[in-house]
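Q: I've just opened this one and don't know my way around yet. Could you take me through its interior, and then outward from there?

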Amino acid sequence: MIDKKFSEVVDRFNDLGIKAETQIEGMLYAKPITYWDYIQTDALLNLQTQRTVLPDEMVFIMYHQVNELLFKMILWELNQVSECNDESLTVEFFKERLARISRYFDMLTSSFTIMKDGMEVEQYLKFRNTLAPASGFQSSQYRLIEFGCTDWINLIDKRFVNDLPQNISEKEALEYMYWQAAGKDYKTGEKSYLLKEFENRYCETFVKAMKDYEKTNLWQKFVKLPLEAKSDKGLIEAMRHFDKTVNVVWVMGHYEAALKYLESNPGETKEATGGSDWKKYMLPQYQKRIFFPELWSEEEKANWGK
């Protein structure tokens, strides 16, 4: 058995064009791996830097870092579908990846109880002012997830989708994305510091993603499937479940958590840390953001998020 495995290792290195003798000799001096080295535990646990002396700020920081790790996991799964050759993409593989991503969003949704019930309102209302103008709105990974899921036209603010200039470029289209509502005065065109800094940092990244995913986002991969595959009821249901999970269930979980802190005093609604109009930005019935509108009836779209 050992001789067979050794021979397979040698063949593996040879197939890669790597000198097997050198690699095998190197194994003699390799240090056995440990959990803490593999996971990089020390580095991970030193990534939390508070800006205040309030204990619950640490909960806030770690919670958002966990979110970003889950966003990375989502992108990892999403790109497996995006990068899969059209001829070899099977219904089962598509459904399995959608199920994985949906579970990640289920985890994100249930985790909002950490935010909603795991911090003292009084502490949050103090340390949030130290965090301004930073905002969770500025998560670039979440925008990349959106571009990887749907045609970017479905991310345009519904007020402007029918009046877009012809032959609009990706960079120009960013000016009409739904998230602009979180930081733009549409009467004057003036943008908040939150939005300007976000765009300065990630504009080119987003333009590239829009181009890269133009023909490979989840919807486009679905459209290119053979007719029999596109008609698979299980796959259609997985697409619909994923769409609602992301754009209604998860968003409403976020909204409910924000509601507790930003409307903690009856009759008083506070701004989000970045100064955004968070209700207009978050509520699904206002934005009606849908990744796969062709899979929903007109009645379902009209009642989206209600």
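Which residues of the largest nonpolar core touch the most other members?

A: Start with six names: Phe94, Phe105, Phe147, Met177, Trp179 and Phe242 touch the most other members of the largest nonpolar core, which has 78 residues. (A nonpolar core here is a set of buried Ala, Val, Leu, Ile, Met, Phe, Trp, Tyr and Cys residues joined through side-chain atoms within 4.5 Å.) Who else chips in? At least two core residues apiece come from H5, helix H6 (91–110), helix H7 (112–117), helix H8 (121–131), helix H9 (140–149), helix H11 (193–212), helix H12 (218–223) and helix H14 (233–262). H14 is the one that gives the most, with 13 residues.

Before going further, keep in mind that this is a predicted model: local features need pLDDT of at least 70 and side-chain atom pairs count only at pLDDT 80 or more, while totals for chains, interfaces and linings use all residues. Residues are numbered from 1 along each chain as its sequence is written, and side-chain values use heavy atoms, with hydrogens and water left out.

Let's zoom in on one of those six, Met177. Looking past residues up to four places away in sequence, Met177 touches Phe147, Trp152, Leu155, Ile156, Asp157, Tyr186 and Met210. (Contact means heavy atoms within 4.5 Å.) One of those partners, Phe147, is also on the list of residues that touch the most other core members.

Now step back to the whole chain. You'll find 17 helices and 0 strands; these are DSSP runs numbered from the N terminus, helices being H or I with at least four residues and strands E with at least two. The C-alpha trace spans about 75 × 55 × 35 Å along its principal axes. Of the 306 residues, 43% are buried, where buried means under 20% relative accessible area, exposed means over 50%, and partly exposed is in between (1.4 Å probe, protein chains only). Among contacts with a separation of 6 or more, 68% are between residues 24 or more positions apart.

H14, the top contributor to the core, is worth another visit. It's where you'll find Arg240, which counts as buried because its relative accessibility is 19%. Apart from neighbours within four places in sequence, Arg240 is in contact with Leu295, Trp296 and Glu300. Take the pair Arg240 and Glu300: they sit 60 residues apart in sequence and 11 Å apart in space, C-alpha to C-alpha. For another part of the chain, try Glu299, found in helix H17 (residues 298–302). With 61% relative accessibility, Glu299 counts as exposed. Glu299 and Phe198 are 101 residues apart in sequence and 35 Å apart in space, C-alpha to C-alpha.

Next up, charges. Side chains of opposite charge can pair when their charged atoms come close. The structure holds 21 salt bridges, each being a side-chain nitrogen of Lys or Arg within 4 Å of a carboxyl oxygen of Asp or Glu. Three of these pairs make a nice tour.

First stop: Glu77 and Arg100, whose side chains meet at 3.1 Å, N to O. Glu77 is in helix H5 and Arg100 in helix H6, so this pair ties together parts 23 residues apart in sequence. Glu77 counts as buried, at 5% relative accessibility, whereas Arg100 is partly exposed at 24%. Both also belong to a network of salt bridges that links Glu77, Glu96, Arg97, Arg100 and Arg103.

Second stop: a salt bridge joins the side chains of Lys260 and Asp117 (3.8 Å, N to O). Lys260 is in helix H14 and Asp117 in helix H7, so parts of the chain 143 residues apart in sequence are tied together. Lys260 is partly exposed at 29% relative accessibility, while Asp117 counts as exposed at 57%.

Third stop: Glu175 pairs with Lys191 in a salt bridge, with their closest N and O atoms 2.8 Å apart. Both residues are in the loop between helix H10 (170–173) and H11, 16 residues apart. Glu175 has a relative accessible area of 32%, which makes it partly exposed, and Lys191 counts as buried at 15%.

And the outside? The chain exposes about 17,800 Å², with carbon and sulfur atoms supplying 55% of that area.

Methods:
Areas by Shrake-Rupley, 256 points an atom, 1.4 Å probe, with all protein chains shown as cover.
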